[in-house]
Each structure stands twice: as C-alpha cells, then as structure tokens.
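Trainee: Got a minute to walk me through this one? I'd like to go residue by residue, then zoom out.

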Amino acid sequence: MAGRKRARCGGGVEVLDSIYSVVALVLILVACVELGDAATAVDVYRLIQYDLAGMPYGSRHAGLNHHAGAFPFAPGADLSRTVVMMPVRELNLTLLQEYIINKQPFGGLLFLLPQKVGKKIVGEIKSKDDGLMRKILVELEQLLIHASIPYPVYFAFEDDKINSLLADVRRSDASGQPTTATTGGYKLVVSSPEPKKLSSPTITNIQGWLPGLKGDGDTSQLPTIAVVTSYDTFGAAPALSLGSDSNGSGVVALLEIARLFSHLYSNPKTRGRYNLLFGLTSGGPYNYNGTLKWLRSFDQRLRESIDYAICLNSFGSWNNELWIHVSKPPENAYIKQVHKSLSDVAKELGVTIGIKHKKINISDPRVAWEHEQFSRLRITAVTLSELSAAPELLENTGGLYDTRDSVDEAAVYRSIRLVAESLARHIYGYQGRNIQIFADNSSLAVNPSYVKSWLDLLSRTPRVAPFLSKTDPIISALKKELSDHTVEVHVQHETIDGMFSFYDSTRATLNIYQVASVAFDLLFLLVLGSYLILLFSFLVITTRGLDDLINMFRRPTYRKVKAS
C-alpha cells in the first residue's frame, strides 16, 4: 500500500513538474513577445563625444532602449523615456535649442537626414532649398557639438522604412495615444556598450619632396617653397564627416599640383631651381596641431630655406573671388610678391584675389588658419581660401553639410590652375609675363579625371583624425599617391594635444521593434495561465482522482524522529 502511495505521489510530482516546465516556457515566451516582432534594422551614426580642456561635450551615452515618439510633440510632454524622431527638413532649431539649454530630459534623439536616391549623401539635387538645408545643418551641428547632452543622440538617413515608421508614430500621436509601455507601438533599441575614452589617439603627417636643380659648382642650399594642406575633418557625426570642400578640395589640389610639377622636375632641362615641399597635415580642426608638430620636426637649415609656404583651404564652392589670409603686413616683400603673382594669374582667369591681414596673438592658443603655425616660427606663409573670415574653433571643418554635391569641380580646377601657374612663374622667373605653363589641352594641363576621382574618394571617406589608425586605408592611399609624384616621402605619427579627448562608438545598428501594450501582455498571460490550470486539474482528476489533486497542494506533514 505504501509503495502504491509513493508511486501515485511520484506520478503527481512528475505531472506537476511537467506543468511547471510548460508554464515556465510560456512565461519566457510572453516576456519576449514585446521584442519578438522586429520591424527593421537601420544604420545609425552617433553624435561625437569629446572633452575639451576637461569639459564634456557631445552625447555622453550610446545605449538606447525606449519607445519612439515624433517631432513635433505636445508642449510639456514627458519625453524622458521617449526617443524623439526629428526630420532635419522640418526641424525647429529654436525649440530644440531651448530643450537642450534647459536640460530637458529625452530618452534619446534620432535626427533624420535627407539623402539622394541610392547615395548616402546629405542634401538633395541642387534647388532653391539647397542653401536653406545647408544653413539648418550648419546651425544644428554647431548647437550639438558645443553642448553636453546626457542622453544618446543618433543620425540616420531617410528611406522608405524610416518614413513609414515615422508616419505610423505620428498617426498614433495624433490620435491621442502616443507610444508608451501601456499602449504599445514601436521600440528603438541600440545595444551598445558605454563609450570608452580613446587612449593616445594619433595624428599622421605626410610629406613629399621635389628637389630643385643646382648649377655647376653651386654648393649653396636652394630655396624652398612649401605647399601644405590639412586633410582631416571634424563634425557632429564622425562617421559622416566627409569634408568634400573642407578640406577635400585642398587635398585634391595639392595632389594635382604635385603631379604637374613632377612632370617638370623629372627632366633636368625643366627642373626649377627651387625645392618643392608638399605637406599633408593632420589635426587641422584642433588648432592645426599636426602642422605645428610637423614644423617643429624640421631642422634649422630647412626652416631657413623656406621662401614662403602656401596653405590650401576650402576652395570647392567659390565663384569669382578667393582670399589670401596673412599674418604679416601686406607690405611685407614676400607677401606682396605672393599676392601679385596670384593676382596676375587671377586676372587672366577672370577672377579676383583679395587679401586679409590678421595679426597673431602669441598668448592665444587658438589658431584660426594653418599659415599661423608657420608665422609663429617666423616662416612666411599665406592661406588661400574661399572663406573671407577666419572660422571659429570646430567650425567649417567638414561636417554634415560638406558633401560631394556641395563641391563645384570647375572651382577646384580654377584653384589648381591659379596656384600652379603662380608657383611656376615664380620658380622660372616669368612674373609679369602671360606665359601659360599649364594651359588647357596641353601635356601639362590639369587632369579633370584625376581631380574627379580623388574628390569622389575623399567624399565617401570620413577622416576624423582620432578615429584613423596609423595604417588606415586613406592614409596609405595618400602616402602612395604622394610617393608616385615626389621623392623622400616621410610619414610622421604624433599624438593629439592633450587639450582634446575623444570617445569611441561612432556608429551602430538601430533595431526597431513593433511591440504590444503591457495590458495585452497581461491579459494574454492571464488567459493562458487559467487555461493551463484548468487543463492540469482536468488531467489529474480524470487520471488519479480529486483526492490526489487536493493532496498535491496540501502542505506535507513532517514527524519528528526521536533520537535514540
């Protein structure tokens, strides 16, 4: 009898264990139902996170797991657990600025950037709205990079999936049932670890050399002319900081000028009696930190041999006027010579060259133009740019708005022709003479295909220095290209000035889930649990009897065993 009771009890335990297993499985499924229906996954690009002199800027978090909301939103709404989707083309910058300045809590921000069909390039085809979109992006970027934002901020490109999601969210908001944990809707999830500070980020300078021709018995050192440009960028989203104009146009111009003069210097009969030094520098957005360290690596003889340096900065979108920016007075003999040489060629090309003088304050760590690093070391230098005024720190450094469609190839051709002709006339003593060394349709003409191919490459390659390794493909490509046209190519690796600190995590995948409401989940769980209890009770009663069912839920009695 006892054995039969144990068997019956054991059978009940087995049934109970089976039911418990089923219930546990159902609970797991119900817990996962909220994230079970993935609507889509899209690439997103995180707002930069950096410290400047110990002060935090940019987005300070990366992980995201909140319901979606849409802009515009109801005044006074609690958005602390909502990811607000903001199409840039509809953005209210004044309202956004108020929320950021007043530390209004968001679960996160997702800015939706317009794009060309099939191309991840900000902006649309050229239209009357093009200038307005550029203005909005410039102001948005400056707002975001100069604020400390305690929640995740991401950028994504508009497409059919994103637009459909935005429309659904807006319909829910308009119906008075915004997406919440109780009403359901869409959940935006970025599974990303907390960003870590980059240790010892590097900047890489690349230089090439074209030696001039010495005469018989000439033992003196030849004078040198330096052509320099900064190639790196900075923007609100490092993974989108392409810098087609600033300073991709300067990089393309330097490479083409090096290619043109390499043809002249490859033949002793046409080699000039000037050395040409070409420098591709890094750290441009950070007070031209790389340029300073590059110059400090020069020996005294090289510094003293430099007649002047011409720095190339942003001339991919100008029409009729370029500017020479100088630190020395325009009356300086070398400055007058450079200005006149460029002005003479400019007249022949039907454009004008203006000159702007800005004194250097040695005690001010801010360096607005690349030539100022030369001037601080008493080397004559100028910057040639389409910009008429010095930009502020981290301004005009190749951000969201600076893409391939913002560059006019004809403007880049004119700039290359202007600089190359001016240099050649100075080197070969043709000042004041209308001799076109790089005339169109000649063997030394500017190569449009070469210019276009490099503009295209740079316009799809982010170049934010802290996120470029020493062996990054773009650095290798620039080194190889300069090696093809110059000799004694040298690469210099340095660390960024300690004034700046940067954090990793620049891009991620955003998973978008369509979720049910909590009320639905609880109702589903209640119905399913009730069904399982009834099913279990029915099976036990029909197979073992009502007494066994009652005994399963009765607390067992324990007898004390008296010690012998």
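Mentor: Sure, start with glutamine 492: this residue is buried, at a relative accessible area of 9% (buried means under 20%, exposed over 50%, partly exposed in between, with a 1.4 Å probe and protein chains only). Keep in mind that this is a predicted model, where local features need pLDDT of at least 70, side-chain atom pairs count only at pLDDT 80 or more, and totals for chains, interfaces and linings use all residues. Residues are numbered from 1 along each chain as its sequence is written, and side-chain values use heavy atoms, leaving out hydrogens and water.

Trainee: Which strand is glutamine 492 in?

Mentor: Strand β19, residues 487–495. Helices (H or I, at least four residues) and strands (E, at least two) are DSSP runs numbered from the N terminus.

Trainee: And what does the side chain of glutamine 492 make a polar contact with?

Mentor: The side chain of glutamate 494, at 3.0 Å. Also, a polar atom of the glutamine 492 side chain lies 3.3 Å from the backbone oxygen of lysine 293. A polar contact is a pair of N or O atoms within 3.5 Å; within protein, one must be able to donate a hydrogen and the other to accept it, and residues adjacent in sequence count only if both atoms are side-chain atoms.

Trainee: What else does glutamine 492 touch?

Mentor: Leaving aside residues up to four places away in sequence, the list includes Ile203, Thr204 and Trp294. Contact means heavy atoms within 4.5 Å.

Trainee: Zooming out, how many strands form the open sheet?

Mentor: 8, in the order β17-β16-β18-β15-β13-β14-β12-β19, with mixed pairing. The edge strands are β17 (352–357) and β19, each pairing on one side only. Two strands pair if DSSP finds at least two bridges between them.

Trainee: In what sense do β13 and β15 pair?

Mentor: Parallel, over 5 bridges, with β13 at residues 224–230 and β15 at 306–313. Valine 228 has cysteine 311 of β15 as its bridge partner.

Trainee: Different topic: at what angle do the axes of α2 and α3 cross?

Mentor: Roughly 5°, and they come within 11 Å. So α2 is roughly parallel to α3. Axes are lines fitted to C-alpha atoms, for helices over the stretch in contact, and angles run from 0 to 180 degrees between N-to-C directions. Under 35 degrees counts as roughly parallel, over 145 as roughly antiparallel, 65 to 115 as roughly perpendicular and the rest as oblique.

Trainee: Which residues of α2 make that contact?

Mentor: Leu93, Leu96, Gln97 and Ile100.
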